[in-house]
Amino acid sequence: MTNRLSSSTSPYLLQHADNPVHWWEWGEEAFAEAKSKNLPVLLSVGYSACHWCHVMAHESFEDPNTARIMNGLFVNIKVDREERPDIDSIYMEACQMLTGRGGWPLTVFMNPDGEPFYAGTYYPPQPRGGMPSFPQVLGAVSQAWQERKGEVAEQASKLSSLIGRRIPSGENLPDAEQLEQAYRQIHSTFDPVHGGFGRAPKFPQQPLLEFLLAVLEEPWAKTAGSMLGLTLERMAAGGIFDQLGGGFARYSVDERWLVPHFEKMLYDNATLARICLWAAKRLGEPALLDVASQTLDYLVRDMRNPEGGFYSAEDADSEGVEGLFYVWSLQQIMDVAGPVDGPEVADWFGVTEEGNFEGANILTRRNALAPTPDSVAPVKERLLEVRSRRARPGLDYKLVAGWNGLAIRAFAEAGAVLGRDDYLCEARAAARFVLHHMQDGSGRLSRVWTRGRRGGPGYLEDYGGAATGLFALYQATGEEVWYEEAASLTRAITRLFKDPSGGFFATGADAERLISRPKDVMDNPSPSGNSLAAEALLTLGQYTGDTRWWELAEEAVRDGVLLMERAPSATGSLLAVARALDAGPREVALVGPEATRWAGEIQAGGRPGLVIAFTDTADGGYSGAVPLLENRGAAGETLAYVCHRFTCDAPVDNLSDLKKALEA
């Protein structure tokens with residue numbers, strides 16, 4: 001038996017195509033059905049790598065009795081939050097208003113006009129721990145719909161009017177004092193023992209780590225380096241990092257980073273690899289370069305689409321068991337390592353007879369910064385090979401444009417910094433895939449691509465993520481095609497997403513009209529759409545000298561000022577852009593025979609507000625696409641121009657003086 005989900009592009013929806021629930025995809029037909037039958041709508045939102053989404057599916061959506069109740073009392077709609085972040089954002093806000101919390105699976109009840117009146121997350125099949133059973137919830141909601149229509153209508157109308165309320169823009173950009181205050185609030189949530197922020201469950205919160213990178217040199221951020229270094233070291237030593245195959249799981253269920261929620265997401269690994277790369281360079285901790293490389297190598301080995309680009313996620317479960325793919329018994333380790341090396345290997349990875357996770361062992365390391373012993377390294381490879389023969393976790397094989405932009409940026413910067421041509425090749429392949437397969441005939445970027453089919457129109461996050469990735473690829477290679485494509489996407493941001501009252505909407509002007517047009521200002525947990533847009537616009541302004549792009553970048557930051565003040569932990573990526581603006585963005589133009597080599601020496605990543613353009617043209621005759629390079633250079637010389645909003649210092653003719661100028 002299949003339902004209406006069988007033709008979906010979403011791997012998550014296809015997981016539910018055999019449910020006895022009569023699922024609809026989101027669309028006018030589903031709501032017309034609800035109106036014609038005068039039934040409420042049950043909206044279920046999740047994603048393919050979500051463990052508790054799978055649990056609720058097995059317990060309820062695959063159960064014929066529960067499905068019979070759902071089919072009789074509701075019109076049921078299934079949504080992949082990763083394909084439709086706009087729907088997820090609107091109805092998650094409703095859930096948080098009603099319950100004070102959120103999460104996935106998200107369960108929302110609404111009227112046929114799409115106005116929500118009741119919401120929750122996971123519901124068990126029987127009453128448990130003070131929670132009602134899912135059938136009890138279904139019955140109570142249906143009864144309220146039939147017997148208390150006035151109350152339901154009032155609740156739906158009131159709640160809908162509150163969703164998407166605009167927070168006013170700030171009058172000024174955050175200054176150093178406001179950035180310091182945000183830093184102090186973030187510092188107050190730091191765990192000085194295990195690193196990271198807040199309590200269990202503990203997420204990497206990479207936008208906050210990005211902000212720490214941005215303020216390392218500030219006199220008021222004296223502990224930024226130690227906070228950043230401790231967090232990355234403890235994560236890399238813990239079970240949240242795959243000690244055999246590389247890559248980070250989405251979060252840790254404990255404060256020690258020991259037991260992960262085993263799913264792996266592209267956006268987490270792209271951003272964490274990049275942060276490890278620049279933390280290694282800025283903190284002088286070369287072991288973090290290995291963590292970055294292992295993470296990128298994992299993406300190439302296990303998440304790469306054969307045509308280029310990267311899939312979205314790997315599941316937590318295999319063979320229906322969470323984490324089964326990753327855990328080991330002591331005997332399994334000994335069988336692979338042998339009696340001679342076995343004890344040292346077990347000790348290195350913290351493996352014991354009793355285990356650290358449900359009688360098995362999640363592999364960890366006591367010190368992620370120590371080199372792997374010679375006796376352990378070859379056994380590690382054999383363990384990875386043995387593990388590869390196990391049943392793998394499920395793969396979400398859709399490609400998301402914005403997340404691939406984050407990956408392009410990570411591979412491009414790592415390729416330039418580490419001298420890895422293979423990483424640059426991966427960045428180019430992903431860029432070509434996004435540009436050739438994920439745009440329609442008019443150049444409109446799509447959100448997703450799944451097995452030859454483009455999904456709906458891209459969001460602000462997709463345009464900002466792809467543009468920043470392509471700008472990074474240009475800076476790494478000097479290949480102007482990437483600059484031109486990045487500039488085109490950045491200009492489209494203003495056409496599609498501009499909010500006349502300030503900042504940018506998450507959805508395009510051509511998108512489906514919902515009960516609210518959401519904005520994407522808070523990180524979740526990847527960088528917010530507004531922060532990515534602001535960074536892309538700022539970069540375009542630096543390359544062109546056109547003040548309108550600067551002004552739009554500043555406007556996007558001002559639009560989030562009040563949120564940055566009230567909730568700095570939720571706006572780390574926007575704070576990092578604000579830091580770049582406060583520091584005074586700089587541009588470096590390199591012209592001459594040594595320009596490419598010099599560019600490699602001063603790669604811009606990790607330096608807030610610095611962009612690089614370079615060309616080997618040596619005689620001032622540059623005629624390419626990048627205005628920053630125009631009218632530069634002298635025959636036979638390599639010259640570097642350090643500029644501040646296109647006002648440039650006198651050129652320098654040696655790398656040493658260039659580095660001094662950048663440190664000033």
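Sixteen is a good number to start with, since 16 residues line the second largest cavity. G239, F241, D242, Q243 and Y326 are the ones that lie nearest its centre. This is a predicted model, so take what follows as a look at a prediction. The second largest cavity has a volume of about 130 Å³. Its lining splits into 10 nonpolar, 3 polar and 3 charged residues.

**The cavities**

How many cavities of 30 Å³ or more are there? The count comes to 3. The largest cavity holds about 610 Å³ of space. It has 35 lining residues, and the closest to its centre are E210, R274, R409, E413 and E535.

Quite a few elements help to build that wall. Those giving two or more residues to the lining of the largest cavity are α9 (206-214), α11 (266-283), α15 (401-418), α17 (460-477), α19 (529-544), α22 (572-583) and β17 (610-615). Which element gives the largest share? That would be α19, with 7 residues. Sorted by kind, the lining of the largest cavity has 18 nonpolar, 11 polar and 6 charged residues.

Here are the two linings side by side.

| Cavity | Volume | Nonpolar lining | Polar lining | Charged lining |
|---|---|---|---|---|
| Largest cavity | about 610 Å³ | 18 residues | 11 residues | 6 residues |
| Second largest cavity | about 130 Å³ | 10 residues | 3 residues | 3 residues |

One of the elements in the wall of the largest cavity, helix α22, is also the place of A580. Is A580 buried or exposed? It counts as buried, because its relative accessibility is 5%, and the cut-off for buried is under 20%. Along the chain, A580 and P85 are 495 residues apart, and their C-alpha atoms are separated by 28 Å.

**The cysteines**

Now for the sulfur links. A search of the whole structure finds 2 disulfides. One joins C50 to C53, with an S to S distance of 2.3 Å. The torsion about that S-S bond is about 80°, so the disulfide of C50 and C53 is right-handed. Both of these cysteines are buried.

The other link is between C643 and C648, whose sulfur atoms are 2.0 Å apart. It is right-handed too, with 95° about the S-S bond. Its two ends sit in unlike surroundings: C643 counts as buried because its relative accessibility is 0%, whereas C648, at 29%, counts as partly exposed. If you number the bonded cysteines in sequence order, the pairing reads 1-2, 3-4.

Two more cysteines are worth a glance. C276 is buried, with a relative accessible area of 0%. C425 has 45%, so it is partly exposed.

**The aromatic rings**

How many aromatic pairs does a search of the whole structure find? It finds 27. F411 and Y423 make up one of them, an edge-to-face pair with 5.6 Å centre to centre and 80° between the planes. This pair links distant parts of the chain, 12 residues apart: F411 is in helix α15, and Y423 is in helix α16 (residues 421-437). Both rings belong to buried residues, F411 and Y423 alike. Helix α15 has come up before, as one of the elements that line the largest cavity.

Elsewhere, four aromatic residues join up: W23, F61, Y123 and F134 form one aromatic cluster.

Some rings have a charge sitting over them. R451 lies over the face of Y397, at 3.6 Å from the ring centre. K519 does the same over the face of F505, at 5.8 Å from the ring centre.

**A loop residue to finish**

Where is E512? It is in the loop between α18 (480-497) and α19, and α19 is the helix that gives 7 residues to the lining of the largest cavity. E512 counts as partly exposed because its relative accessibility is 37%. F134, a member of the aromatic cluster, is 378 residues from E512 along the chain, and the C-alpha atoms of the two are separated by 31 Å.

Definitions and conventions
Residues numbered from 1 in each chain as written. Predicted model: local features only at pLDDT ≥ 70, side-chain atom pairs only at ≥ 80, totals over all residues. Heavy atoms only, no water. Disulfide = S-S within 2.5 Å. Buried < 20%, exposed > 50% of the residue type's maximum accessible area, 1.4 Å probe, protein only. 1 Å grid on protein atoms, 1.4 Å probe; cavity = no way out; pocket = protein on both sides within 12 Å on 5 of 7 lines; lining within 4 Å. Points joined across faces, edges and corners; volume = space filled by probe spheres on them. Helix = DSSP H or I, 4+ residues; strand = E, 2+ residues; numbered from the N terminus. Nonpolar A, V, L, I, M, F, W, Y, C, P; charged D, E, K, R; others polar. Phe/Tyr/Trp six-rings, centres within 6.5 Å; stacked < 30°, edge-to-face > 60°. Lys NZ or Arg CZ within 6 Å of the ring centre and 35° of its normal.
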